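Q: Please take a close look at one part of this model, the place where two domains of a chain meet. Walk me through what is there and what surrounds it.

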Amino acid sequence: MGGDRRYEIRIAGFGGQGVITVGKILGTAFSVFEGKNSVNTQSYGPESRGGACKSEVVVSDGQINYPYVRKADVLVALSCLAFETYIPDLKKDGILLVDSRSITDIPEQDQYRVYRVPTAEIASETGGVKYQNIVALGALYYLIRDHLEESSLREAIKENLPPETRDVNMAAFTKGIQYVKDHYQALGTREKSHGQGI
Amino acid sequence: MGKESEKHLLSPGVYYLQGSQACTEGAITAGCRVYAGYPITPASEVMEHAALRLPQVGGRFIQMEDEISSASVLLGASWAGAKAMTATSSPGFSLMQEVISFAIMTETPLVIVDVQRPGPGQGYITTSQEDVMQARWGHHGEGSIIALSPASVQEMYDFTIEAFNLAETWRSPVLVMAEETVAHMREPLTIPPQNQIEILTRKKPQDLGIPPHSFLPYGHDIVPPMANWGEGYNVNHVSLVHHEDGNVTKYDRKTHFDSVLRIKQKIEGNVDHISRIETRFMKDCRHVVICYGSVSRTAVEAVMEARRECGIDVGFLRLVTLWPFPETKLREVVDNVDTVFVPEINLGMMKHPITEALRDRCKRIVSIPTLGCLHSPEMILSKIYEVAK
């Protein structure tokens with residue numbers, strides 16, 4: 001990030017998939033545990049209960065004026081509708097993390113750094129499909145790990161989710177990280193992975 | 001405040017909260033111990049948080065049957081000596097106008113938060129600045145009002161505290177004119193140590209050494225001292241035209257004129273103490289963007305971009321306080337400009353008092369309206385480029 005540059009993350013899916021929770025956790029990690037400035041906004045209205053729902057986190061070391069995403073550095077898409085709605089706002093060479101079972105066809109995929117993760121499937125194996133968002137968060141963390149510490153996210157998960165679900169959420173988070181590690185082995189630092197759409 | 005309730009105040013530090021929650025926390029910090037409300041999107045989170053927090057700090061939370069009764073609770077609570085607040089959204093704000101008028105005439109300190117949503121009617125549930133004129137002119141009759149316009153989660157906290165301080169200082173209803181945008185966004189909120197937060201409370205006759213037998217409920221000063229029920233003073237809250245002693249009989253024209261003029265002038269005559277503006281890049285600028293609330297965030301981004309990318313000499317002015325309208329302060333900083341741009345999430349409302357204040361100070365005033373959503377920087381930039389290039 002560095003200086004006052006904005007780093008813009010958008011997480012999108014169907015209402016109910018937990019994308020709003022992911023935004024809240026990310027914002028908490030960045031601002032409470034990393035000491036950065038961040039703004040978390042969410043779609044509001046009928047679309048937040050079934051349609052294409054989104055949560056955004058804008059991060060900066062400096063002041064954040066306009067609170068919404070202008071051109072996303074990262075798009076996490078958990079549904080086909082969300083993907084189609086928000087892909088036009090993703091930067092060229094931006095990180096595109098998709099649920100691989102929902103989004104199979106990615107036009108112009110060489111424009112982005114594409115990562116396909118079966119988030120719902122991994123969640124089902126871990127404790128239930130409702131943990132899909134935290135699997136996605138784990139995968140996302142590994143892709144943006146130059147920007148924040150794993151421990152910050154784990155603390156933010158603890159702070160934002162019910163204690164009785166902590167263990168399974170931590171497991172889901174770990175599995176998300178592991179999947180990206182296993183399947184995108186070539187990934188080194190940001191620079192090395194730049195422009196890579198596998 | 002007892003030790004037990006102090007224990008439940010947020011300890012100093014950084015929190016990641018919604019604007020709505022920050023607003024409720026600000027109220028609690030300011031000493032609010034009565035919250036009455038009726039839920040409505042997008043203001044319900046203020047109430048939800050109040051329902052959780054007020055009992056924890058030894059306060060009272062009550063859900064009423066509608067917005068009129070919710071606001072009415074604040075009157076009684078305030079007369080009994082408590083600091084009280086409610087929050088609503090635009091359709092509910094319409095219903096509260098009756099109580100606002102009553103509170104102006106009875107000089108009752110209370111705080112109403114309006115998380116604005118689009119209208120007219122039920123409109124929609126997204127963001128809006130369509131109630132800024134209703135804030136000033138919605139109540140029947142003369143008198144004035146104080147209205148603040150927060151633009152961040154931190155300001156939802158800070159301005160709610162300020163709203164209580166202003167209400168107590170000027171014995172007036174004070175409005176926090178929030179928008180869905182600031183009420184729902186999450187940002188870091190820094191809670192300072194309690195001893196660094198200024199908390200003001202109403203002046204009482206006891207404080208001024210006025211004994212009960214010579215106390216005048218509407219006398220002694222331009223802002224009369226206020227007696228609480230049950231402390232031995234004659235407490236007379238009347239919204240009919242009244243004399244200094246609260247008597248409503250023996251009507252005469254002069255008393256009518258003088259008492260209502262005082263109620264208006266205690267606010268309007270102190271506009272320089274009450275109202276604030278913020279400025280950036282104003283020195284010798286050729287154009288200026290004047291805005292308030294969350295639009296200020298987009299506007300400052302657009303202004304910086306226009307200056308940086310195209311070298312356009314455009315300044316930024318934000319109304320922190322909407323009412324009383326800080327006309328003198330505007331005229332102090334806007335001297336001779338070509339264009340005043342006024343972006344608002346309505347069809348051009350504050351453009352009118354801005355025009356009245358600056359009509360001889362600029363060549364043109366350009367409204368940049370939108371409805372239901374915050375302007376993107378591009379919306380403001382394209383207008384600046386169209387006019388200024």
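A: In this predicted model, the C-alpha centres of domain 1 and domain 3 of chain B are 27 Å apart. The contact between these two draws 23 residues from domain 1 of chain B and 20 residues from domain 3 of chain B. In full, chain B splits into domain 1 (7–196), domain 2 (205–271) and domain 3 (275–388).

Start with the domain 1 side. On chain B, α7 (132–137), β6 (146–148), β7 (173–179) and α9 (180–184) each supply at least two residues of the side that touches domain 3. The largest share, four residues, is from α7(B). By class, this side of domain 1 of chain B holds 13 nonpolar, seven polar and three charged residues.

Now the core. The largest nonpolar core has 162 residues. Those with the most contacts inside it are A:A12, A:L97, A:A139, B:V111 and B:V113. Helix α8 (residues 153–170) of chain B gives the most to this core, namely 10 residues. Domain 1 and domain 3 of chain B both give residues to the core, so it lies between them.

Next, a helix within the bounds of domain 1. Helix α6 (residues 97–106) of chain B has seven of its 10 residues buried, so the rest of the structure largely encloses it. The buried ones are B:V99, B:I100, B:F102, B:A103, B:I104, B:M105 and B:T106. What do the buried residues of α6(B) pack against? They pack against α4 (67–79), β5 (110–116), β7 and α10 (253–268) of chain B. One of these, β7 of chain B, also supplies at least two residues of the side of domain 1 that touches domain 3. Just after α6(B), B:E107 takes a positive phi of about 55 degrees.

Cross to the other side of the contact. An open sheet of five strands in chain B has the order β9-β11-β10-β13-β14, with mixed pairing. Its edge strands are β9 (277–280) and β14 (362–369) of chain B, each paired on one side only. From one strand to the next, the twist averages 20 degrees. Strands β10 (residues 287–292) and β13 (residues 337–344) of chain B run parallel and are joined by three bridges. B:H287 has B:T339 in β13(B) as its bridge partner. Helix α14 (residues 351–358) of chain B packs on the sheet and touches β10, β13 and β14 of chain B. The direction of α14 makes about 170 degrees with that of β14(B).

Finally, the partner chain. Chain A has seven helices and six strands. From the N terminus, its elements run β-α-β-β-β-α-β-β-α-α-α-α-α. Of the 198 residues in chain A, 48% are buried. Among contacts in chain A between residues at least 6 apart in sequence, 63% join residues at least 24 apart. A:A12 is among the residues with the most contacts inside the largest core. Leaving out residues up to four places away in sequence, A:A12 touches A:V19, A:A52, A:C53, A:K54, A:L75, A:V76, A:A77, A:L78, A:A82, A:T85 and A:Y86.

Between the chains, 16 residues of chain A are in contact with 16 residues of chain B. On chain A, α1 (19–33) and β2 (37–42) each supply at least two residues of the side that touches chain B. That side of chain A has five nonpolar, nine polar and two charged residues.

Note on methods. Residues are numbered from 1 along each chain as its sequence is written. Chains are lettered from A and ligands numbered from 1 in the order in which they are written. This is a predicted model: local features need pLDDT of at least 70, side-chain atom pairs count only at pLDDT 80 or more; totals for chains, interfaces and linings use all residues. Two residues are in contact if their C-beta atoms, placed from the backbone, lie within 7 Å. Ala, Val, Leu, Ile, Met, Phe, Trp, Tyr, Cys and Pro count as nonpolar, Asp, Glu, Lys and Arg as charged, and the others, Gly among them, as polar. A nonpolar core is a set of buried Ala, Val, Leu, Ile, Met, Phe, Trp, Tyr and Cys residues joined through C-beta atoms within 7 Å. A residue is buried if 20 or more other C-beta atoms lie within 10 Å of its own, exposed if 12 or fewer, and partly exposed in between; C-beta atoms are placed from the backbone. Domain bounds come from an automatic or database domain assignment. Two strands pair if DSSP finds at least two bridges between them. Axes are lines fitted to C-alpha atoms, for helices over the stretch in contact, and angles run from 0 to 180 degrees between N-to-C directions.
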